[in-house]
Amino acid sequence: MNNNNINFYNLRKTFSLRRDDAPWWNRIHDPQSDFITKWNHFFLVNCLVALYLDPLYLFYPIIRNDCLTIDLNLGIVVTFFRTVTDAFFLLHIFIKFKTAFVAPTSRVFGRGELVKDPKAIASRYLKSEFAIDLAAALPLPQLVIWFVIPVLKYTTADNANHTLSLIVLIQYVPRITIIFPLNRRIIKTAGIVAKSPWSGSVYNLLMYILISHLLGAVWYLFSMQRQYECWSIQCRKESNVTRGQPCRTSFLDCDAKDKPQRRAWLSTTQVLSNCDAKNDDKFQFGIFADAFTNAVAESSFFQKYFYCLWWGLKTLSCYGQNLETSTYVGETVFSIVVCIGGLILFSHLIGKMQTYLQSTNARLEEWRVKRKDTEEWMRHRQLPEELQERVRRFVQYKWLATRGADEESILGSLPLDLRRQIQRHLCLAFVQRVPFFAQMDQQLLDAICERLYSSLNTRDTFIIREGDPVNEMLFIIRGQVESSTTNGGRAGFYNSIVLRVGDFCGEELLTWALMPNSTLNLPLSTRTVRSITEVEAFALRAEDLKFVAGQFKRLNSKKLQHAFRYYSHQWRTWGACFIQIAWRRYLKRKQAMELAMKEGLLEEEYYSDETPEQSTEDSLAAERQSPVDSSANAINAPLGGRALSSRLSRRLSIRLTDLDPDGSNLKMPKMFKPQDLDFSADQ
């Protein structure tokens with residue numbers, strides 16, 4: 001029973017470690033997760049703060065009242081902040097025990113397989129980076145200051161200073177070492193340490209200032225030690241004097257400043273005067289003389305700190321060329337290290353700063369080089385000034401629209417689903433503005449958006465010419481274009497319209513794409529399209545439109561046909577011409593009817609001009625005539641009517657000529673009817 005409970009507990013514990021909804025401290029984390037990425041950035045800042053705090057311990061020794069002591073107030077403040085940073089170091093160790101790793105044997109393809117076994121993670125971490133992380137996290141300076149030094153007997157300020165400085169400088173090595181793998185992990189997960197070029201420049205500048213801060217603190221520490229060494233040498237010379245109080249090493253520590261022996265010694269000693277840095281005849285301070293000639297050692301902390309920081313920046317930037325060293329070996333070695341380190345660090349800083357700052361203007365500089373090459377090529381080819389100006393205007397407009405980014409290559413490198421989502425975000429609103437595509441469902445709109453690409457045209461550019469093959473269909477999103485036609489170059493015919501945002505051109509390609517047996521030859525354009533302003537549009541190539549058009553057959557053909565006829569400028573032009581022809585035919589028929597009515601009126605007027613007596617006499621004479629004469633009159637009567645009709649026709653034609661002298665308003669150039677969309681299934 002107990003074994004079952006233990007197994008159940010272990011199973012529940014293992015499940016809780018791998019459960020995604022468990023607390024972060026009870027979960028195995030993916031090294032590529034957002035939590036680990038954010039923690040790495042935060043811990044990098046913590047490491048920089050810790051690297052800044054540790055050199056402050058080197059300002060622990062101070063000179064006051066001609067003796068050496070330690071600054072307890074500074075020790076308390078630095079110890080507090082150092083303890084806070086050490087806590088994050090320990091937390092970092094804990095998180096690394098909870099971070100999975102990629103098995104080296106699974107890196108053949110892809111990102112590899114994550115190992116989430118806690119035992120395997122702990123075993124790997126203990127064998128690799130645990131020792132360095134633990135050495136960097138131990139609170140050694142706090143232990144030395146508050147626990148070790150107070151316990152030791154007969155400890156002078158110089159001994160405490162040497163012990164503390166040695167521990168701080170030794171522990172500084174693993175703390176710097178941690179930053180390099182941390183930087184690699186951040187770059188591996190996030191791609192870059194700094195998200196912007198300016199932040200990257202500030203990051204490298206802060207690293208340079210941090211090294212200068214460390215160098216200034218070390219210089220101050222060595223200055224204090226050099227001063228104490230001079231006092232010790234002179235004190236040993238006065239240790240055997242017979243007159244007055246002999247010198248003791250304890251007199252150099254401020255703990256003995258109230259002793260009567262030290263007061264007596266101060267009245268007769270030559271140690272302080274012989275160790276004056278302003279008079280280096282007895283002792284050469286070399287590069288450390290500035291700490292005493294400028295009263296840096298007796299100054300307040302902030303004055304002391306900023307002077308040392310300035311000294312470090314100046315020395316690194318000058319590669320140590322401003323240093324005037326003595327013959328002391330330690331001082332010379334320190335100057336050599338400063339010279340070499342300054343050369344390397346300053347060169348690294350300049351290189352990094354130049355890289356980051358150039359990256360801010362990389363696109364602009366690339367555009368300038370390309371523009372310069374274009375200018376040289378145009379001069380070499382001796383292009384006319386008008387063409388050169390158009391090329392310059394296009395290059396300028398393309399830069400303003402895209403800022404040098406190649407959108408096609410960027411989108412082409414993305415996964416298909418992500419590319420579809422981006423294209424949908426960019427193009428869907430503009431595609432839905434086209435009334436013809438508003439009739440389609442969401443799937444077809446996504447298919448269209450996926451295949452659209454950006455097209456830029458400057459002012460007065462002929463996008464399509466009448467009679468040229470149409471290889472793409474344009475959907476205008478900004479600007480205006482003029483679409484005109486001469487109906488195949490017919491004299492006296494010209495039709496022009498202005499296309500704006502939401503309009504499209506190149507609809508011949510859509511008709512061609514919907515034909516079941518369309519040939520490889522592209523259709524010829526029936527219109528000339530010229531940009532009036534700078535135009536930004538989305539274009540759909542012929543092969544892409546052929547694929548999309550195949551999906552149209554699933555839709556209601558009558559509905560799409562009516563929409564296409566209504567919004568197609570070819571159909572609008574043909575409809576306008578058809579209405580004009582019908583109207584003119586109506587006018588022609590109306591005029592013919594009016595002429596016919598006028599013929600009837602004139603004929604009535606002709607017969608009404610005869611008197612009743614003449615008509616009676618004519619009828620009586622006809623009755624007296626013989627049958628032969630009657631038949632002859634019967635024959636001649638129609639001939640007279642025909643003559644009268646011809647006279648009336650000539651008279652009416654004269655009137656018609658007066659209404660329309662050249663008859664031009666009855667003529668209309670022939671306008672061919674555009675092809676209808678074919679939504680039938682492919683045979």
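Which strands does helix 15 lie across? Keep that one in mind. A caveat before the answer: this is a predicted model.

So, helix 15, residues 385-402. Helix 15 lies across strand 5 and strand 12, the latter being residues 535-541. Against strand 5, the helix runs at about 140°.

Now the sheet those strands belong to. It is open, it has four strands, and the order is 5-12-7-10. The pairing is antiparallel. In general, strands of a sheet pair through backbone hydrogen bonds. Which are the edge strands here? Strand 5, at 453-457, and strand 10, at 504-505; each pairs on one side only.

Look at the strand 10 side. Strand 10 pairs with strand 7, residues 472-478, over two bridges, in the antiparallel sense. One bridge to look up on screen: F475 has F504 of strand 10 as its partner.

Next, the helix pair towards the start of the numbering. Helix 2 covers residues 34-53, and helix 3 covers 72-97. Their axes sit 10 Å apart, and the packing angle is about 150°. Angles over 145 degrees count as roughly antiparallel, so helix 2 is roughly antiparallel to helix 3. The crossing is left-handed.

What meets what across that contact? From helix 2, the residues include F35, I36, W39, F42 and F43. Further along helix 2 we have N46, C47, V49, A50 and L53. Helix 3 brings V78, F81, R82, T85, F88, F89, L91, H92 and I95. By class, that contact has 15 nonpolar residues, three polar and one charged.

That's the tour. Over to you.

Notes: Residues numbered from 1 in each chain as written. Predicted model: local features only at pLDDT ≥ 70, side-chain atom pairs only at ≥ 80, totals over all residues. Heavy atoms only, no water. Axes fitted to C-alpha atoms, helices over the stretch in contact; angles between N-to-C directions. Parallel < 35°, antiparallel > 145°, perpendicular 65-115°, else oblique. Left-handed = near helix turned anticlockwise from the far one by under 90°. Contact = heavy atoms within 4.5 Å. Nonpolar A, V, L, I, M, F, W, Y, C, P; charged D, E, K, R; others polar. Pairing = 2+ DSSP bridges.
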